Amino acid sequence: MGFTKTVLQEGSGSTPTAGQAVTVHCTGYGKDGDLEKKFWSTKDPGQEPFTFKVGLGQVIKGWDESVISMKVGEKATIDCTPDYGYGDQGFPAWGIQPNSQLIFEIEVLSIS
């Protein structure tokens with residue numbers, strides 16, 4: 001159980017350390033159990049890049065453990081098993097069923 005990271009574009013900046021704020025573009029797939037159906041994206045109209053403090057449990061485990069190894073400018077897909085996503089609770093508001101595998105495309109924009 002865990003996640004698989006596939007680099008789509010190499011980054012050239014630094015990598016974050018636990019507690020640093022990381023700003024990312026992200027698109028999530030897995031709505032209604034379909035890994036091709038998008039449930040959310042920071043690139044959708046009205047949305048903005050998402051900022052969180054990495055390594056502190058502010059986001060799902062798949063994000064925390066993958067983004068901390070990513071460089072600024074890096075783009076990757078993160079394939080998360082349910083325990084690294086929303087687990088047995090799911091996230092009904094976004095159409096994420098309990099125990100869903102999820103795929104995220106994440107691009108690290110900045111670290112502060």
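## Close-up views of the predicted model

**View A. Lys31 is found in the loop between β2 and β3.** This is a predicted model, so to read it: local features need pLDDT of at least 70, side-chain atom pairs count only at pLDDT 80 or more, and totals for chains, interfaces and linings use all residues. Numbering runs from 1 along each chain as its sequence is written, and side-chain values use heavy atoms, leaving out hydrogens and water. Helices (H or I, at least four residues) and strands (E, at least two) are DSSP runs, numbered from the N terminus. Lys31 comes out as partly exposed, at 31% relative accessible area; on this scale, buried is under 20%, exposed is over 50% and partly exposed is in between, with a 1.4 Å probe and protein chains only. Skip the neighbours within four places in sequence, and Lys31 is in contact (heavy atoms within 4.5 Å) with Lys37, Lys38, Phe39, Trp94 and Gly95. Ser100 is 69 residues away from Lys31 in sequence, yet their C-alpha atoms are 8.7 Å apart.

**View B. Two residues that aren't glycine have a positive phi: Asp32 and Asn99.** Most residues other than glycine have a negative phi. For Asp32, phi is about 55°. Asp32 belongs to the loop between β2 (21-29) and β3 (38-41), and with 38% relative accessibility it is partly exposed. Asn99 has its phi near 60° and sits in the loop between β5 and β6.

**View C. Ser100 is tucked into the buried class, at 7% relative accessible area.** Like Asn99, Ser100 is part of the loop between β5 and β6. Its contacts, leaving aside neighbours within four places in sequence, are Thr81 and Pro82. Tyr84 is 16 residues from Ser100 along the chain, with 9.8 Å between the two C-alpha atoms.

**View D. Phe3 and Tyr84 make a ring pair.** Their ring centres are 6.1 Å apart and the planes meet at 50°, so this pair counts as tilted. The bookkeeping goes like this: rings of Phe, Tyr and Trp (its six-membered ring) pair if their centres lie within 6.5 Å, with planes under 30 degrees apart called stacked, over 60 edge-to-face, and the rest tilted. The pair ties together distant parts of the chain, since Phe3 is in strand β1 (residues 3-9) while Tyr84 is in the loop between β5 (75-80) and β6 (102-111), 81 residues apart. Phe3 is partly exposed at 28% relative accessible area, whereas Tyr84 is buried at 12%.

**View E. Ring pairs knit nine aromatic residues into a cluster: Phe39, Trp40, Phe50, Phe52, Trp63, Tyr86, Phe91, Trp94 and Phe104.** Searching the whole structure turns up 12 aromatic pairs. Two cluster members, Phe39 and Trp94, are also among the contacts of Lys31.

**View F. Ser66 in helix α1 (residues 61-67) is buried, with a relative accessible area of 0%.** Beyond the neighbours within four places in sequence, Ser66 contacts Phe3, Lys5 and Ile78. Phe104 is 38 residues from Ser66 along the chain, and their C-alpha atoms are 11 Å apart.

**View G. Thr23 sits in strand β2 and is buried, at 15% relative accessible area.** Not counting residues up to four places away in sequence, Thr23 touches Pro49, Phe50 and Thr51, and also Glu107, Val108, Leu109 and Ser110. Ser112 is 89 residues away in sequence, while the C-alpha atoms of Thr23 and Ser112 are 8.4 Å apart.

**View H. Stepping back, the chain has 1 helix and 6 strands.** Their order along the sequence is β-β-β-β-α-β-β. The radius of gyration is 13 Å, close to the 13 Å that the globule rule gives for 112 residues, so the chain is as compact as a globular protein of that length; the radius is taken over C-alpha atoms, and the rule is 2.2 Å times the number of residues to the power 0.38. The C-alpha trace spans about 35 × 30 × 20 Å along its principal axes. Buried residues account for 39% of the 112. Of the contacts between residues at least 6 apart in sequence, 70% join residues at least 24 apart.
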